[in-house]
There are 2 protein chains.
Amino acid sequence: MSNERAYNFSAGPSMLPISVIEDAAANLANYKGCGESVMEMSHRSAEFKAILEDAEKNLRDILSIPDNYKVMFIQGGGTLQFAMVPMNLLRKSGKADYIVTGTWAKKAAKEAEKFGDIKIVASSEESTFSYIPKVKREDFRADADYVHITYNNTIYGTHYPYIPDTGDIPLVADMSSCILSEEIDVSRFGLIYAGVQKNIAPSGIAIAIMREDLIGFAKETVPTYLDYKIHADNDSTYNTPNCFAIYIAGEVFKYIKEMGGVAQMHKRNVEKAAKLYDFIDSSSLYKCPVAKEDRSLMNVVFVTGDAELDKKFVAEAKKNNMHNLNGHRSIGGMRASIYNAMPAEGVDALIEFMKKFQEENK
Amino acid sequence: MSNERAYNFSAGPSMLPISVIEDAAANLANYKGCGESVMEMSHRSAEFKAILEDAEKNLRDILSIPDNYKVMFIQGGGTLQFAMVPMNLLRKSGKADYIVTGTWAKKAAKEAEKFGDIKIVASSEESTFSYIPKVKREDFRADADYVHITYNNTIYGTHYPYIPDTGDIPLVADMSSCILSEEIDVSRFGLIYAGVQKNIAPSGIAIAIMREDLIGFAKETVPTYLDYKIHADNDSTYNTPNCFAIYIAGEVFKYIKEMGGVAQMHKRNVEKAAKLYDFIDSSSLYKCPVAKEDRSLMNVVFVTGDAELDKKFVAEAKKNNMHNLNGHRSIGGMRASIYNAMPAEGVDALIEFMKKFQEENK
């Protein structure tokens, strides 16, 4: 038993701002004196409606979401979005183009193949997804119903250094592991979706931000819950939503606003990541396999080149109160996920530990 | 602002045991000294695996779930189950028989019609769902792939006084609003599902308890997330589950165990409901429209016969710290949902208030 909180480098679920957690704890039995826990509130009560509306409003503010975009809170995570995207957006030609930059991008494409004619227009798999392919407008099929990208690749530690030009073809982006870490021109996308468990809230919802004119094309055979229109028309309360995660998400949106907004979060994230990458690049023991221009600010992957030593690193780090530094179970190595809520002190502590470990394992 | 907790009669989300809430609050920033909040834990960490395994084990214990049944925690609530049931269980004839005993039963049947040949074998709609139809084995189509019932009807306050005999046809039951309120012979059912937001946990998961031989029949065109086999084979962690709700569910299962199990909860529920129904039946102002033998122990509906007076009742009750006594928005009147976590004192307070209101509104 310890009263000390760890630096949790998990790729998701992951750290939340401690001020948000402490406020939630203080209000857990009786939210703002209303006599109920948010966990117990009717989703149709005035109290919860205020929570939901505030959450949406604050998200719109901090991401500058244009008025012609709907915001939806949907259960089922990214995995359900992988199905909802083709089931709703394959509306004319039945064709969609995917860029495959990692495990999740590949899974998204594979899921879409159940529902239409899917083309992988570019992939970096031949190089273990260590870079983001450069794709030009003419690489996409002219009649594609949409183009899908994974904007930040949690497992491989890459991030698009550009937004692909798809012309009039709606661009769909999975932003699960980078949403709210940087400013985004939402109008460049037809649909942005993100599981909340990395940068926003406890697991159990995905947020979908969708241009209105793209909503309403699901066929009648699409399950009701998988039709974006149902969620859009009912302000995410067609059925009982994940009220508690929406509440925490709303608190995190407020926290970001108070911290100076997404631009300020981005500045902090650039500083945190630069420190860590600079140390890795200058070290004799650690190596980051990712192309410099495509490196993620959120997920920093590195290896020693010795799988046994990597395991030792992860185990010793845990003893030093730095949790979940293991790479994804599919690739091994190390990964430090340093989302918005990871304090700069956590990155500093990690670098200090890495130095010490390097000295001890020369 | 008040430090007093309300008696919350919401149909769901609804009250949780105060001991569970207080324990969750105390552990919210640092779960049992592990350095992380449950809201922040990797779903693949040893800590969360223990939470998940304990939750399943305790649920199996208190419901006496046979070994040949899988337990799954799935996002999307009852609404997603309405689609998953036909998408997985219409596996031979493509036919299923539904008994329609309320709004949710009707919605379940309507959703199933997207996927197969659905027959409504009985309905109490002609009588505003005020009773449960008696259905015999020969009422079902011999080649039906399954029969679906809604065991407790949240909106209309009814509950099956019997388990329909379906012979070899698997019986599927939505138990969202009565699960864990009474002992159940699970082996009589092919699949039991329940949204957790009434008797178990904060909203955001449904629990599915499914006979193993019925798993694995989803067609390839079924979205991955909607295939029970994916959840069963991956112990509910194919993707990131709603970890926090699973944690609270596990705490509630432990609480029920400590309280003496489901049989003891049932005894308490019978006592609470009997008190309230007896008062209503003996009163001059209130009336319960439900056939006596079919009344729910969980959702007690009543009316004054005057819609304006009903509204006044609900508003004055709220001022007296009794929340959400309004009937469902589709039917009006009053409804007191008295799930496991509603203390007997809450029912006593409600009856006292009803007496006073009756005196004042003669």
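Tutor: Let's start with a term: two strands count as paired if DSSP finds at least two bridges between them. Keep in mind that this is a predicted model.

Student: Okay, which residue does B:Ile74 stand opposite in strand 10 of chain B?

Tutor: Strand 2 of chain B pairs with strand 10 (residues 206-211) over 6 bridges, in the antiparallel sense. Across from B:Ile74, in strand 10 of chain B, stands B:Ala206.

Student: Which are the edge strands of that sheet in chain B?

Tutor: The sheet is open, with 7 strands and mixed pairing, and its order is 2-10-9-8-5-3-4. An edge strand here pairs on one side only, and that picks out strand 2 (69-74) and strand 4 (117-123) of chain B.

Student: What angle does the direction of helix 4 of chain B make with that of strand 3?

Tutor: Helix 4 (residues 103-112) packs on the sheet and touches strands 3, 4, 5 and 9 of chain B. Set against strand 3 (95-100), the helix direction comes to about 160°.

Student: B:Ile74 also lines a cavity, right? How many charged residues are in the lining of the second largest cavity?

Tutor: Yep, B:Ile74 is in that lining, along with others including B:Phe73, B:Gln75 and B:His231. The cavity's volume is about 40 Å³. By class, the lining has 5 nonpolar and 6 polar residues, and the charged ones number none.

Student: And how much space lies in the largest cavity?

Tutor: Its lining includes B:Met15, B:Lys198 and B:Tyr255, and by class it has 8 nonpolar, 2 polar and 1 charged residues. The space inside is about 70 Å³.

How values were computed:
Residues are numbered from 1 along each chain as its sequence is written. Chains are lettered from A and ligands numbered from 1 in the order in which they are written. This is a predicted model: local features need pLDDT of at least 70, side-chain atom pairs count only at pLDDT 80 or more; totals for chains, interfaces and linings use all residues. Side-chain values use heavy atoms; hydrogens and water are left out. On a 1 Å grid over the protein atoms alone, a cavity is a set of points where a 1.4 Å probe fits but cannot get out, and a pocket is an open set with protein on both sides within 12 Å along at least five of seven lines; lining residues have an atom within 4 Å of a point. Grid points are joined across faces, edges and corners, and a volume is the space filled by probe spheres set on the points. Ala, Val, Leu, Ile, Met, Phe, Trp, Tyr, Cys and Pro count as nonpolar, Asp, Glu, Lys and Arg as charged, and the others, Gly among them, as polar. Helices (H or I, at least four residues) and strands (E, at least two) are DSSP runs, numbered from the N terminus. Contact means heavy atoms within 4.5 Å. Axes are lines fitted to C-alpha atoms, for helices over the stretch in contact, and angles run from 0 to 180 degrees between N-to-C directions.
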